[in-house]
Amino acid sequence: MTKTCGYCGSKIEKINDKQYYCEFCTMTLSESSVKENGERVDLKVMQYEMSVSDLNKTTPELMVLSTIELLHLLTLARSERSKAYGLMNTFWKAQEVSEDEEYKKFESEAGKEYQLATKKVFVIENIVGKRLGYIPQRINKYFLAKYMNNIENCNTNPMVINKERRRKVAAK
Ligand SMILES: [Zn+2]
């Protein structure tokens with residue numbers, strides 16, 4: 001088995017127990033980038049089901065998620081934000097028509113929740129935006145299904161370079 005670089009397919013040099021160096025890429029490769037016989041780095045993430053509790057992840061934790069996971073999480077973050085907005089709005093209306101001081105307190109609490117939910121949306125939008133070069137406005141089932149379809153159909157043939165010109169076989 002020849003160890004090869006997952007980015008360019010070159011043969012790589014072992015520099016110590018765990019690390020390899022790729023001369024073409026001029027970098028030390030992490031374990032996940034060390035492949036065999038021209039295999040590519042792992043591209044296909046087929047699982048992306050996220051849950052609302054994943055929104056508790058910190059920004060560095062979110063940064064290592066796959067793009068499809070982030071896209072799904074962004075839909076959840078946006079829906080949590082609109083729920084928080086709805087709640088804030090309800091208390092705002094209630095405190096307008098009532099003397100009860102409690103509603104003011106609730107409104108302020110709901111306002112904080114809404115702020116946090118909005119920040120989470122910003123973070124995920126920006127991580128996704130850096131990956132794609134744009135921030136998708138509407139992410140629905142169709143968008144995710146199309147994205148998954150692209151992943152499934154993605155060509156992950158090994159990186160083998162034919163140095164000889166391929167001879168055309170005449171079709172009969
Ligand atoms: Zn390389």
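**Group meeting talk: a two-domain predicted model**

Okay, let's start with the overall split: the protein is divided into domain 1 (3-36) and domain 2 (52-153), with the bounds coming from an automatic or database domain assignment. The C-alpha centres of domain 1 and domain 2 lie 38 Å apart.

Two bits of housekeeping. This is a predicted model, where local features need pLDDT of at least 70 and side-chain atom pairs count only at pLDDT 80 or more, while totals for chains, interfaces and linings use all residues. Residues are numbered from 1 along each chain as its sequence is written.

So what's in there? There are 4 helices and 5 strands. Those are DSSP runs numbered from the N terminus: H or I with at least four residues for a helix, E with at least two for a strand. Going from the N terminus, the order is β-β-β-β-β-α-α-α-α. Now the overall shape: the radius of gyration, taken over C-alpha atoms, is 24 Å. The globule rule, which is 2.2 Å times the number of residues to the power 0.38, gives 16 Å for 172 residues, so the protein is more spread out than a compact globule. If you box up the C-alpha atoms along the principal axes, you get roughly 85 × 50 × 25 Å.

How much of the protein is buried? Of the 172 residues, 15% count as buried. Here's the rule: buried is 20 or more other C-beta atoms within 10 Å of a residue's own, exposed is 12 or fewer, and partly exposed is in between, with C-beta atoms placed from the backbone.

Let's look at the strands. Three of them, in the order β2-β3-β4, make an open antiparallel sheet. At the edges sit β2 (13-14) and β4 (27-29), each pairing on one side only. Pairing, by the way, takes at least two DSSP bridges between the strands. Between β3 (residues 20-22) and β4 there are 3 bridges, and Cys22 stands opposite Met27 in β4.

In the loop between β3 and β4 you'll find Thr26. Phi of Thr26 is near 50°, a positive value in a residue other than glycine. Why point that out? Because most residues other than glycine have a negative phi. Thr26 has 7 C-beta neighbours inside 10 Å, so Thr26 counts as exposed.

Asn37 does something similar: phi of Asn37 is near 50°, again positive in a residue other than glycine. Asn37 is in the loop between β5 (34-36) and α1, and with 13 C-beta neighbours inside 10 Å, Asn37 counts as partly exposed.

Leu43 lies in the loop between β5 and α1 too. Leu43 has 11 other C-beta atoms within 10 Å, so Leu43 is exposed. Which residues does Leu43 touch, leaving aside neighbours within four places in sequence? Cys154 and Thr156, where a contact means C-beta atoms, placed from the backbone, within 7 Å. Leu43 and Thr156 are 113 residues apart in sequence, yet their C-alpha atoms are 8.0 Å apart in space.

On to the core. A nonpolar core is a set of buried Ala, Val, Leu, Ile, Met, Phe, Trp, Tyr and Cys residues joined through C-beta atoms within 7 Å. The largest one has 11 residues, including Met50, Leu62, Leu65 and Ile127. Both α2 (67-97) and α3 (101-132) supply at least two residues of this core, and α2 gives the most, with 5 residues. Pick out Ile124: beyond its neighbours within four places in sequence, Ile124 contacts Leu62, Leu70, Leu73, Leu74 and Ala77. Apart from that core lies another, of 5 residues, among them Cys5, Ile12, Tyr20 and Cys22.

Last, two helices. The 32 residues of α3 should span 46 Å at 1.5 Å a residue, and the end C-alpha atoms are 47 Å apart, which agrees; the expected span is 1.5 Å times one less than the number of residues. In α3 the buried residues are Tyr114, Ala117, Lys120, Ile124, Ile127 and Val128. What covers them includes α1 (59-63) and α2. Just after α3, Gly133 takes a positive phi of about 85°.

And α4 (residues 141-153)? How many of the 13 residues of α4 are buried? The count is 0, so to speak a helix that is hardly covered. From first C-alpha to last, α4 reaches 18 Å, close to the 18 Å expected.

Methods. Two residues are in contact if their C-beta atoms, placed from the backbone, lie within 7 Å.
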